[in-house]
Each structure stands twice: as C-alpha cells, then as structure tokens.
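Work through the exercises below with the sequence and the 3D view open. Try each task before you read its solution.

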Amino acid sequence: MSRRDVEFGCSIVVVGLLAGFAGVATTLLLHAVEHLTYHYTFGSLLDGVTGSSPARRALGPMIGGALAGFGWWLLRRHAAIPALSATISEHRRIPRVSLSLDAGLQVLLVGSGASLGREGAPRQFSAALGDLGMSRWSLTPRDREILLACAAGAGLAAVYSVPVGGALFATRIMLKTWQPRAVGTALITSSLAVAVASPVTHAQAPLHWPGPELSYLLTGFALVLAPLALGVGMAFNRIMASARPATTKTSWLIIPGIAGAGLLIGSCSVWWPTLPGNGKSILTVTLDSNMTLAGAVVILFLKPVLTAVFLRAGAVGGMLTPALATGAAAGSLVALAINTWTGQSVSVAAVSLTCAAGVLAITQRAPLWAALFVWELARPPWWVLAPFVVAAVAAHGLRLLWERRRQPAQLPAGRERRDA
C-alpha cells in the first residue's frame with residue numbers, strides 16, 4: 001500500500017469523525033436557540049411554538065432575524081462566502097472561518113423560526129473542519145474534492161441520521177459520480193458521522209412513521225402523483241430563483257429586512273404554528289394525520305412564499321426541508337380531498353411522503369437519492385420505498401420529457417437570430 005493510500009484512508013476517518021462533531025455542534029446550537037426563542041424545555045419545536053404566547057411567536061423570529069442579519073452584515077463586509085459546491089468542484093481554497101461563521105448564523109436564523117432548511121449549516125461546517133483536518137496530508141486535487149464532498153454529505157447524514165442518504169448526496173448531487181472510490185468514501189464518512197452524532201440524535205429517524213395499513217396499490221397511485229409533484233417542484237424552484245438576489249446583499253438593510261421576514265412568519269404562526277422552522281413540524285403533522293384540508297391549502301401556499309421572503313431579504317439556508325414540507329402539503333391536500341369528497345380511506349402519511357419524494361426529485365434533480373432520503377427520514381416498511389422511487393423517477397422523467405419538448409420550439413428562433 002502506497003503512502004498516498006494510507007493518507008487517503010486516514011483522511012476518510014478524520015473527515016467522518018469531524019463531520020459527526022459538526023452535526024452535534026449544529027444540532028445542539030439549533031435546539032438551544034429554539035428553546036430560548038419559544039421558552040420551552042422539552043418536546044419538539046412544534047410543541048414549543050404551540051405552547052408559547054402570541055407575542056413570543058411574533059417577536060421571537062423577528063429578534064432572531066435581526067441578530068442574524070446583523071451578523072451577516074458584519075461578516076459580509078469583511079469576507080466573501082462562496083457557494084460550497086462550486087468551491088469544492090473548482091478546487092478552490094475553503095474559507096474555513098467565514099463558512100463556519102455563516103453556518104452558525106444559519107442555525108441562529110432557523111432556530112428562531114425562519115422558513116429555511118437547517119442542512120446547509122452542518123454541510124458547510126463539516127467541509128471547513130474536514131479541510132482543516134486533512135490539511136497536513138499530501139492529497140491529489142481529485143482526492144481532496146472527494147473528501148470535501150463526502151464531508152458535506154456526512155454533515156447532512158449526522159443531523160438527520162441518514163447514512164445512506166448522506167452518502168448518496170455526496171456522490172450523486174455534489175460529485176455526480178458512481179466511482180467506487182467516491183462511493184466507498186461517502187459510505188464510510190457518513191456512517192462514522194452518524195455514529196459520532198448518535199449520543200445527541202440517538203440515531204433515530206427524524207420523523208415517526210405511524211404504521212398505517214397500506215395497499216400495494218400505492219405504487220400505482222404514485223404515478224398519478226408524479227404530474228402534481230412536477231408542477232409543485234418546478235413552481236418551488238421558480239419562486240426560489242426569482243427571490244434570490246442577483247448578488248449577495250451586504251448593505252445594513254439586511255438587518256431590518258430579515259427581521260421583517262421574521263416578524264411575518266411569527267405573525268403567521270399565531271394561526272398556523274407549523275410554519276416556523278425548516279419544515280419538520282409540517283412533516284410531523286402530515287404523518288400524524290392532524291392536517292386539515294384548509295390547513296394543507298394554506299401551508300402549500302405560505303411555506304414556499306415565506307421561504308422566498310427570507311431569501312429576498314438576504315438570508316441564506318437550505319432548501320431540502322422547505323421543498324419536502326411543500327411537497328408533503330400537496331400530497332396531504334390530495335389525500336384529504338379524496339377522503340373528504342369520496343368517502344374513501346387513503347393514508348395521508350403515505351401519500352404526503354410519496355408526493356414529497358417526487359417534489360424533492362424535481363428540486364434536486366436526483367430521483368433515487370430523493371426517494372431514499374425521504375424513506376430514511378421516516379423509515380416505513382421497506383416496500384414503501386417502491387412508491388417513493390416510482391413517484392420520484394416518474395416526476396423526474398416528466399421533467400426531462402417537458403424540457404426536451406421545449407428545446408425544438410426554441411431552436412428555430414435561435415437559428416433565426418444567428419442568421420440575422
């Protein structure tokens with residue numbers, strides 16, 4: 001075995017352990033901010049929001065948003081915060097300090113109730129720590145790219161206890177490869193990270209599967225949900241793309257902007273307490289079958305809109321769980337409508353997660369990863385993975401078909417412009 005292989009193997013272990021530490025740190029910080037914002041001791045964020053006063057619901061996210069905005073204003077005046085995926089793929093230097101501080105501000109904002117995903121923070125912090133941990137070894141640019149991408153995936157795996165989902169995120173979304181060296185590295189680092197974080201996460205699925213009686217006809221019904229997932233996913237992407245500023249906001253105006261977004265979601269939470277946070281509360285309610293038809297309509301509209309408001313104000317955060325929550329609301333709407341208007345008994349939990357898998361496949365352009373990630377979040381019976389895969393692959397296939405049908409219509413106009 002060559003020295004290069006030994007150093008690469010040592011780097012795998014170090015990256016996995018550090019990613020687990022990053023997952024623990026961001027999880028503990030998130031819980032601390034949630035408990036401080038809504039003044040509760042035990043239970044979930046939904047329990048804390050439900051048990052808090054209307055004034056705290058409204059003002060808590062506003063104060064958290066103002067603090068996060070102030071932090072970003074100071075940070076962005078002195079340091080650039082590049083996109084993690086582009087930095088890794090282009091083999092650029094990892095700005096460890098600025099990425100770590102940015103991750104902390106993301107956790108502060110999400111913990112105080114912002115409608116953004118929490119997964120961006122552990123990915124950034126894991127990559128920063130991983131880069132520091134393997135800095136003493138002589139690695140090739142490709143090996144370094146693999147390890148940093150796997151660090152990001154392992155950070156995701158650690159906070160959600162999804163080792164396979166984290167590994168596939170690194171290989172299929174960040175590296176876009178099935179190379180055995182990359183796949184093996186991703187599986188080892190994600191497994192180590194989940195093990196290190198287990199004293200905090202208890203290695204439990206973030207969502208509780210209610211165990212409803214299901215029919216294998218759900219797999220066929222997943223095909224019916226595919227067009228809905230396509231529409232919701234593409235609308236979600238378009239809303240987020242329109243909301244993101246063309247350049248990173250550095251003006252002091254991000255302080256009142258993000259604070260105002262916090263006040264907006266806090267005010268909405270007085271009537272709909274599932275809205276604050278990354279979307280786990282919405283997923284929990286859909287799995288518990290406590291979602292109402294009117295509530296599903298409201299959440300389907302408000303969750304992406306509120307997420308877009310935070311992005312427009314200058315905040316940054318993950319998009320995985322807001323997209324999942326939006327997809328779950330759409331699925332719940334379909335299931336509840338069928339149960340209400342036809343008298344049938346359709347599993348709201350199963351349909352909502354099936355639709356969520358389809359939406360995530362559209363927003364991330366990775367159908368197999370989306371299906372497996374959703375399955376790992378709730379861990380229903382193994383065969384339920386089949387409808388998740390069908391919905392995700394069918395929605396992704398419809399998207400590819402739609403894109404191909406649009407291309408011929410655009411080509412003649414392009415030719416005319418070139419001829420002119």
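**Exercise 1. Place Ser126 and decide: buried or exposed?**

Step 1. Ser126 sits in helix H6, residues 120-133. Helices (H or I, at least four residues) and strands (E, at least two) are DSSP runs, numbered from the N terminus. Residues are numbered from 1 along each chain as its sequence is written, and this is a predicted model, in which local features need pLDDT of at least 70, side-chain atom pairs count only at pLDDT 80 or more, and totals for chains, interfaces and linings use all residues. Side-chain values use heavy atoms, with hydrogens and water left out.

Step 2. Ser126 has 0% relative accessibility, so it counts as buried. The classes are buried (under 20% relative accessible area), exposed (over 50%) and partly exposed (in between), with a 1.4 Å probe and protein chains only.

Step 3. Leave aside neighbours within four places in sequence. Ser126 is then in contact (heavy atoms within 4.5 Å) with Ala19, Ala22, Ala151 and Gly155.

**Exercise 2. Describe the surroundings of Ser52.**

Step 1. Ser52 belongs to the loop between helix H2 (45-51) and helix H3 (54-78).

Step 2. Ser52 counts as buried because its relative accessibility is 9%.

Step 3. The side chain of Ser52 reaches the backbone oxygen of Val49 at 2.8 Å.

Step 4. Set aside neighbours within four places in sequence. Tyr38 and Arg57 are in contact with Ser52.

**Exercise 3. Which residues does Arg4 touch, not counting those up to four places away in sequence?**

Step 1. Find Arg4 in helix H1.

Step 2. Its relative accessibility is 39%, so Arg4 counts as partly exposed.

Step 3. Arg4 touches Thr140, Asp143 and Arg181 when residues up to four places away in sequence are not counted.

Step 4. Take Thr140. In sequence, Arg4 and Thr140 are 136 residues apart; in space, C-alpha to C-alpha, they are 8.8 Å apart.

**Exercise 4. Describe how H7 and H8 pack.**

Step 1. Two numbers describe packed helices: the angle between their axes and the distance between the axes.

Step 2. Helix H7 (residues 141-160) and helix H8 (residues 163-174) pack at about 145°, and their axes are 7 Å apart. Axes are lines fitted to C-alpha atoms, for helices over the stretch in contact; angles run from 0 to 180 degrees between N-to-C directions.

Step 3. H7 contributes Ala149, Cys150, Ala152, Gly153, Leu156 and Ala157 to the contact, and H8 contributes Pro163, Gly166, Phe169, Ala170 and Met174.

Step 4. Sort the contact residues of H7 with H8: nine are nonpolar, two polar and none charged. Here Ala, Val, Leu, Ile, Met, Phe, Trp, Tyr, Cys and Pro count as nonpolar, Asp, Glu, Lys and Arg as charged, and the others, Gly among them, as polar.

**Exercise 5. Describe the phi angles and the exposure of His39 and Lys176.**

Step 1. His39 is in the loop between H1 and H2. Lys176 is in the loop between H8 and helix H9 (180-201).

Step 2. Phi of His39 is near 55°, a positive value in a residue other than glycine. Phi of Lys176 is also near 55°.

Step 3. His39 is exposed, with a relative accessible area of 64%. Lys176 counts as exposed at 61% relative accessibility.

**Exercise 6. Which element has the lowest mean pLDDT?**

Step 1. The chain averages a pLDDT (the predictor's confidence in each residue, from 0 to 100) of 92, and 96% of the residues score at least 70.

Step 2. Helix H17 (residues 385-419) has the lowest mean among the elements, 75, and helix H11 (residues 254-269) the highest, 97.

Step 3. Over residues 411-420 the pLDDT is below 50, and this stretch has zero contacts in the model beyond near neighbours in sequence. Where pLDDT is low, predicted coordinates should not be read in detail.

Definitions and conventions: Polar contact = N/O pair within 3.5 Å; in protein donor to acceptor, adjacent residues only side chain to side chain.
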